[in-house]
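Hello,

Here is the structure I said I would pass on. My notes on it follow below.

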Amino acid sequence: MPSLVDKRVIRPAQTALALDLVNEMDLLRLKTIARVYARGLPPEVTWEDLLQEALTRVLVGSRLRPEGVTMVAFVAGILRSLRADYWRRAVRASANTDTVRIDHESDESLAIVMSDPSPGPERALVALQELSAIRQLFAADPTALRIIEGLGQGLLAEQIRRSTGLSKTDYDSARKRMRRTLLREGLTCEPR
Amino acid sequence: MRTKVKTITSEAKLTRILDAFAQELVESSDEEIFAVATDLGMDLQKWSSAFAGVTYPARPQLSDFFDLEALQARLLIDKKP
């Protein structure tokens with residue numbers, strides 16, 4: 001006998017779409033952004049999980065969109081904070097094992113347990129691998145690589161243009177090519 | 001006077017680059033997405049592979065093909081002496 005109950009699980013992205021919080025193009029934009037922010041996270045934390053979790057937070061109202069901020073920019077911010085949360089939790093978990101005891105003149109009651117606030121070697125290695133993967137992704141575009149180097153150093157568009165000697169037109173076309181590469185990378189059906 | 005040398009950790013560098021990439025993607029236009037999807041041979045219909053991981057799971061799961069509750073009930077019946 002067919003079941004009277006519909007057991008299909010509706011994904012947060014489908015709900016957001018049905019509620020007109022986002023449209024299909026926004027979802028594709030968010031997919032590519034989720035894939036960017038999932039870079040360097042361990043395999044058990046997928047971009048798919050990040051995206052559905054971010055949309056869930058919007059749907060349940062645990063994050064409220066400030067006025068004047070587009071839904072895509074808002075969800076991108078949540079994705080960014082989910083990534084930061086993950087690393088905070090990872091650091092806290094490792095802090096329980098990697099601690100330094102500072103004894104105060106052998107008085108045990110004053111001993112302080114401190115964790116190392118710098119990123120661990122594993123995280124630094126993962127970051128280096130991701131930076132290398134990004135360089136590989138843009139290997140065919142030396143201008144884009146120079147811009148990315150500047151972005152990594154925290155330079156603004158104007159500073160990057162000045163340091164690389166790029167004209168505004170060259171800079172803008174390189175950014176356009178970068179966007180295209182990121183969209184291409186983000187829209188493919190690779191699970192990670 | 002000595003020049004100040006600022007060392008940037010690889011993680012900080014990666015975070016800045018990822019933020020800049022995300023900002024680029026936030027600003028991407030519908031036309032750009034459509035053009036890339038067309039290049040990739042995606043027609044952007046509801047079940048297009050572009051929506052894998054978004055409106056449907058990127059990796060097929062067992063429950064997509066089998067009614068697991070029915071399967072479990074069946075296994076229980078089979079186990080009974």
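In chain A, 54% of the contacts with a separation of 6 or more are between residues 24 or more positions apart; two residues are in contact if their C-beta atoms, placed from the backbone, lie within 7 Å. This is a predicted model, in which local features need pLDDT of at least 70 and side-chain atom pairs count only at pLDDT 80 or more, while totals for chains, interfaces and linings use all residues. Residues are numbered from 1 along each chain as its sequence is written, and chains are lettered from A and ligands numbered from 1 in the order in which they are written.

Chain A has eight helices and two strands, in the order α-α-α-α-β-β-α-α-α-α along the sequence. Helices (H or I, at least four residues) and strands (E, at least two) are DSSP runs, numbered from the N terminus. Of the 192 residues in chain A, 26% are buried. A residue is buried if 20 or more other C-beta atoms lie within 10 Å of its own, exposed if 12 or fewer, and partly exposed in between, with C-beta atoms placed from the backbone.

Helix α2 of chain A covers residues 24-37. Its 14 residues reach 20 Å from the first C-alpha to the last, close to the 20 Å expected at 1.5 Å a residue (the expected span is 1.5 Å times one less than the number of residues). Twelve of the 14 residues of α2(A) are buried, so this helix is largely enclosed by the rest of the structure. Among them are A:Leu27, A:Leu30, A:Ile33 and A:Val36, and also A:Asp26 and A:Lys31.

A:Arg29 lies in the same helix, α2 of chain A, and is buried, with 30 other C-beta atoms within 10 Å. Not counting residues up to four places away in sequence, A:Arg29 touches A:Val72 in its own chain and B:Leu25, B:Val26, B:Ser28 and B:Ile33 in chain B. The C-alpha atoms of A:Arg29 and A:Ala76 are 9.4 Å apart, with these positions 47 residues apart along the chain.

On the interface: 33 residues of chain B are in contact with 46 residues of chain A. On the chain B side, α1 (10-26) and α2 each supply at least two residues, and the largest share, 14 residues, comes from α1(B). By class, that side has 19 nonpolar, six polar and eight charged residues. Ala, Val, Leu, Ile, Met, Phe, Trp, Tyr, Cys and Pro count as nonpolar, Asp, Glu, Lys and Arg as charged, and the others, Gly among them, as polar.

One helix pair spans the two chains. The axes of α8 (residues 168-187) of chain A and α2 (residues 30-39) of chain B come within 9 Å and cross at roughly 60°. That makes α8(A) oblique to α2(B) (under 35 degrees counts as roughly parallel, over 145 as roughly antiparallel, 65 to 115 as roughly perpendicular and the rest as oblique). A:Arg179, A:Arg180, A:Leu183, A:Arg184 and A:Leu187 meet B:Glu32, B:Ile33, B:Val36 and B:Ala37. This contact has five nonpolar, no polar and four charged residues.

Lastly, A:Arg161 is in helix α7 (residues 157-164) of chain A. A:Arg161 counts as partly exposed because it has 18 C-beta neighbours inside 10 Å. Leaving aside neighbours within four places in sequence, A:Arg161 is in contact with A:Leu166, A:Lys168 and A:Tyr171.

Regards

Technical notes
Axes are lines fitted to C-alpha atoms, for helices over the stretch in contact, and angles run from 0 to 180 degrees between N-to-C directions.
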